[in-house]
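Student: Please walk me through this structure. I'd like to go piece by piece and ask things along the way.

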Amino acid sequence: MPRPQSLSVAQARRIALAAQGFLDKPHEPPTMRTLARTVERTGVLQVDSVNVFARAHLMPLYARMGPYDTDLLERAGTGRRQRRLVEYWAHVQAFMPVELWPAMAHRREHHHARRGKWSFVAADDALEARLLAEIAERGPSTARQLDDGLPRSRDNWGWNWSRTRRMLDYLCSAGEVVVAGRNSQFEIHYGLPEQVLPDAVLAAPTPPVADQHLELVRRAARSHGVATVPCLADYYRMSTADTAAAVAVLVEAGELEPVTVEGWRRPAFLHREARRPRAVAARTLLSPFDPVVWHRERAEHLFDFHYRIEIYTPAEKRLYGYYVLPFLLRDELVGRVDLKADRATRRLLVKGAYAEDGAPDDVAGQLAAELHRAASWLGLDEVVVEPRGDLAGPLAAEERIFAGAR
């Protein structure tokens with residue numbers, strides 16, 4: 001049996017970035033075709049409610065497409081006949097291509113059997129029937145519209161859900177209702193499948209469970225380029241056993257090739273269509289929920305980048321800040337910045353800026369240029385650097401150069 005080919009960490013890193021779309025030729029301006037190409041690379045766009053800088057699902061598109069009209073995503077994820085994306089528990093809550101719906105049938109059945117994805121939701125046939133009947137009559141609606149209001153407490157991050165909201169979350173995880181869209185307060189509009197999903201998706205047969213697993217692992221492998229079984233399992237939150245079984249089928253079919261990666265203890269697998277670039281010319285900010293960094297162990301192995309989100313860490317114990325974004329320059333993560341969009345004053349606040357060990361000499365200048373690009377995309381007029389972090393001083397100096405040039 002031939003010995004598996006060996007990849008250096010640098011090769012694996014560039015393969016991974018290419019698989020995620022960082023080698024794609026930009027479109028100016030980005031179009032729906034650009035968005036479709038990007039989602040084909042990422043597979044999913046994780047959804048998160050935090051909006052201190054920009055919503056989590058908006059950022060991976062920006063990182064790969066550059067400044068774009070966010071109405072593109074709104075159009076892709078609303079309507080029925082022309083719908084391209086739908087929200088579901090794909091990685092966690094995420095936009096995924098609508099044609100992936102049949103491959104998630106096993107997950108919907110699992111959530112139905114255990115009555116919820118997080119915790120048990122007590123059966124209440126009368127409430128279920130009332131909600132489904134109301135949605136059928138009214139069309140897609142929020143929990144607030146379907147109930148007399150959601151009791152909330154400022155001390156618990158809004159998770160004090162009403163019985164209606166809990167039941168809707170269960171029904172959504174089980175596929176009895178589907179996310180039709182969200183309003184400006186980020187509340188979900190729940191619709192019946194026939195009100196949300198295209199006819200072709202509704203009519204599609206449900207594949208056998210093993211084929212569903214195979215499709216998810218196949219897509220995860222394309223999005224990774226090169227990956228271990230735990231990496232592939234994490235992408236669509238599958239079990240290691242189910243993932244390993246699918247990997248074996250894909251290796252046998254020649255879609256995946258076993259390889260070794262320098263410094264990786266586990267066997268890795270290279271997708272047969274993975275590009276192997278000599279260089280990657282990226283320069284962008286990454287969301288904490290970007291697929292490049294969401295699997296923290298993989299980020300450490302590929303980029304030597306130790307990353308934890310500190311939103312829920314008490315302020316005095318944070319190392320870097322509340323909402324810290326990694327800075328990708330070329331094919332390395334060279335820094336991180338704690339950002340806040342002050343929309344009232346139209347300023348992008350850099351609450352902290354930090355360089356990674358071995359960061360290149362041009363990191364401050366490149367980061368300054370990227371911050372201005374991001375600020376412009378968000379409709380902000382000014383970048384303000386606060387004096388926190390070892391990169392703050394050099395970055396502030398670059399900002400003064402930018403200010404003088406304007």
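Tutor: Happy to! To name the pieces, helices (H or I, at least four residues) and strands (E, at least two) are DSSP runs, numbered from the N terminus. This is a predicted model, in which local features need pLDDT of at least 70, side-chain atom pairs count only at pLDDT 80 or more, and totals for chains, interfaces and linings use all residues. Residues are numbered from 1 along each chain as its sequence is written, and side-chain values use heavy atoms, leaving out hydrogens and water.

Student: Good. What follows α13?

Tutor: G254, whose phi is positive, near 85 degrees. G225 just after α11 takes a positive phi too, of about 85 degrees.

Student: And α13 itself, how many residues does it have?

Tutor: Helix α13 covers residues 240-252, so to speak, and has 13 residues. From first C-alpha to last it reaches 18 Å, close to the 18 Å expected. That expected span is 1.5 Å times one less than the number of residues.

Student: Which residues of α13 are buried?

Tutor: T243, A246, V247 and L250. Buried means under 20% relative accessible area, exposed over 50%, and partly exposed in between (1.4 Å probe, protein chains only). The four buried residues cover an arc of only 105 degrees around the axis, which puts them on the same side of α13. The arc is that of the directions from the helix axis to the C-beta atoms. On the other side of α13, A241 and E252 are exposed.

Student: Why do residues three or four places apart point the same way?

Tutor: An α-helix has 3.6 residues a turn, so that spacing brings residues back to the same direction.

Student: What do the buried residues of α13 pack against?

Tutor: Against α11, α12 (229-235), β8 (256-261) and β9 (268-271). Contact here means heavy atoms within 4.5 Å.

Student: Let's look at α11, then. What should its 16 residues span?

Tutor: Helix α11 (residues 209-224) should span 22 Å at 1.5 Å a residue, and its end C-alpha atoms are 23 Å apart, which agrees. Its buried residues include L214, L216, V217 and A220, and R218, R219 and H224 are also on the buried list.

Student: New topic: in what order do the 4 strands of the open sheet come?

Tutor: The order is β1-β8-β9-β7, with mixed pairing. Two strands pair if DSSP finds at least two bridges between them. The edge strands are β1 (5-7) and β7 (226-227), each pairing on one side only. β1 and β8 pair in the parallel sense over 3 bridges, and S6 has T260 in β8 as its bridge partner. Helix α13 packs on this sheet, touching β8 and β9, and its direction makes about 110 degrees with that of β8. For such angles, axes are lines fitted to C-alpha atoms, for helices over the stretch in contact, and angles run from 0 to 180 degrees between N-to-C directions.

Student: Which strands stand at the edges of the sheet of 5 strands?

Tutor: That open sheet runs β10-β11-β12-β13-β14 with mixed pairing. β10 (282-285) and β14 (382-385) stand at its edges with a single partner strand each, so one side of each is left without a neighbour in the sheet. Strand β13 (residues 347-355) pairs with β14 in the parallel sense over 4 bridges, and V350 has V385 in β14 as its bridge partner.

Student: L348 is in β13 as well. Buried or exposed?

Tutor: L348 is buried, with a relative accessible area of 0%. Not counting residues up to four places away in sequence, it touches F53, L339, L371 and V383, among others. The C-alpha atoms of L348 and L371 are separated by 8.1 Å, though the two are 23 residues apart along the chain.

Student: Which members of the largest nonpolar core touch the most other members?

Tutor: L35, F53, L285, L339, V350 and L371, out of 51 residues. Helix α15 (residues 363-377) gives the most to this core, with 8 residues. A second, separate core of 36 residues includes A94, A180, M238 and F269. A nonpolar core is a set of buried Ala, Val, Leu, Ile, Met, Phe, Trp, Tyr and Cys residues joined through side-chain atoms within 4.5 Å.

Student: A94 brings me to β4. How many of its residues are buried?

Tutor: In strand β4 (residues 93-97), 5 of the 5 residues are buried, so it is largely enclosed by the rest of the structure. Strand β3 (residues 85-89) runs antiparallel to β4, joined by 5 bridges, and the two form a hairpin with 3 residues between them.
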